[in-house]
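Student: I would like a close look at one part of this model, with the side-chain pairings and the packing around it. Could you walk me through it in one go?

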Amino acid sequence: MDPELLERITARRAELDEREKVLAKELAEVRAERDELAVAERVLERVCEQLADERASAAPAPGQVGGRTVMLIPHRTPDMEETMLPPDYQRILAAVRQAAGPVMARQVGDALGIDVSVRSKLEPLRGKLVRLVDRGWLRKLPDGRFTTRL
């Protein structure tokens with residue numbers, strides 16, 4: 001047998017053995033990361049289920065109208081249209097949207113033709129604005145102004 005050929009075979013075998021070790025280590029790392037991702041996915045699913053349960057229990061109970069269960073101001077979802085809201089709430093959303101920027105309740109009242117100088121007429125409007133915020137239709141800024149959702 002040719003000693004040079006035997007040496008080449010031995011060298012190649014050593015290279016392949018080393019490569020096998022590197023690949024085995026890399027495969028072990030990939031499997032470990034995949035297992036971690038599977039655990040993370042299960043935890044995320046469990047947390048999402050808990051949040052959904054909490055939101056469902058915290059959601060306001062629907063009222064009864066004409067013997068039917070309804071929620072006058074439904075929680076906003078991506079597929080929900082404004083037309084699902086009562087007309088006065090639709091007008092409030094339109095007034096906020098038409099404003100040049102975030103607005104105070106008083107400005108919305110002016111746009112809707114409400115006598116804003118009378119506090120007893122402005123407070124129900126403020127309550128409706130807050131209800132729209134709570135249901136995800138509007139956003140309330142820290143300074144008390146209201147704006148549309150992004």
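Tutor: Happy to; what follows starts with the whole chain and then turns to helix H2 and its partners.

Please keep in mind that this is a predicted model. The chain holds 4 helices and 4 strands, and from the N terminus on these run α-β-β-α-α-α-β-β. Of its 150 residues, 18% count as buried. Its accessible surface is about 11600 Å², with 54% of that belonging to carbon and sulfur atoms. Among contacts with a separation of 6 or more, 42% are between residues 24 or more positions apart.

Now to the charged pairs. The chain has 6 salt bridges in total, and two of them involve H2. In one, the side chains of Arg97 and Glu82 come to 1.9 Å, N to O. Arg97 belongs to helix H2 (residues 87–98), while Glu82 is in the loop between strand S2 (68–70) and H2, so the pair links parts of the chain 15 residues apart. Both ends are partly exposed: Arg97 has a relative accessibility of 44%, and Glu82 has 25%.

The other pair is Asp88 with Lys128, a salt bridge of 2.6 Å, N to O. Asp88 is a residue of H2 and Lys128 one of helix H4 (residues 119–134), so this bridge ties together parts that lie 40 residues apart in sequence. Asp88 counts as partly exposed because its relative accessibility is 23%, where buried would mean under 20%. Lys128 is likewise partly exposed, at 24%.

Lys128 has a second partner to look at. Its charged end sits over the ring of Tyr89, 5.6 Å from the ring centre. As for ring against ring, a search of the whole structure gives 0 aromatic pairs.

Staying on H4, we come to a bridge inside one helix. Arg126 and Glu123 form a salt bridge whose closest N and O atoms are 3.2 Å apart. Both residues lie in H4, 3 residues apart, which is about one turn of the helix. Arg126 is partly exposed at 28%, and so is Glu123 at 30%. Through shared partners, salt bridges join Arg119, Glu123 and Arg126 into one network.

Next, the nonpolar side of the picture. The largest nonpolar core has 19 residues, and those with the most contacts inside it are Leu85, Val108, Leu129, Leu132 and Leu138. H2, helix H3 (105–112) and H4 each supply at least two residues of this core. Val108 is a good place to zoom in: leaving out residues up to four places away in sequence, it touches Ile92, Ala95, Val96, Val103, Leu125 and Leu129.

Val96 also leads us to the last stop, Thr147, which is found in strand S4 (residues 146–148). Thr147 counts as buried because its relative accessible area is 12%. Neighbours within four places in sequence aside, Thr147 is in contact with Val96, Pro102, Leu138, Arg139 and Leu141. Val96 therefore appears in two contact lists, that of Val108 and that of Thr147, with contact taken as heavy atoms within 4.5 Å.

Methods
Residues are numbered from 1 along each chain as its sequence is written. This is a predicted model: local features need pLDDT of at least 70, side-chain atom pairs count only at pLDDT 80 or more; totals for chains, interfaces and linings use all residues. Side-chain values use heavy atoms; hydrogens and water are left out. A salt bridge is a side-chain nitrogen of Lys or Arg within 4 Å of a carboxyl oxygen of Asp or Glu. Buried means under 20% relative accessible area, exposed over 50%, partly exposed in between (1.4 Å probe, protein chains only). A nonpolar core is a set of buried Ala, Val, Leu, Ile, Met, Phe, Trp, Tyr and Cys residues joined through side-chain atoms within 4.5 Å. Rings of Phe, Tyr and Trp (its six-membered ring) pair if their centres lie within 6.5 Å; planes under 30 degrees apart count as stacked, over 60 as edge-to-face and the rest as tilted. A charge sits over a ring if NZ of Lys or CZ of Arg is within 6 Å of the ring centre and within 35 degrees of the ring normal. Accessible areas come from the Shrake-Rupley method with a 1.4 Å probe; for residues, only the protein chains shown count as cover.
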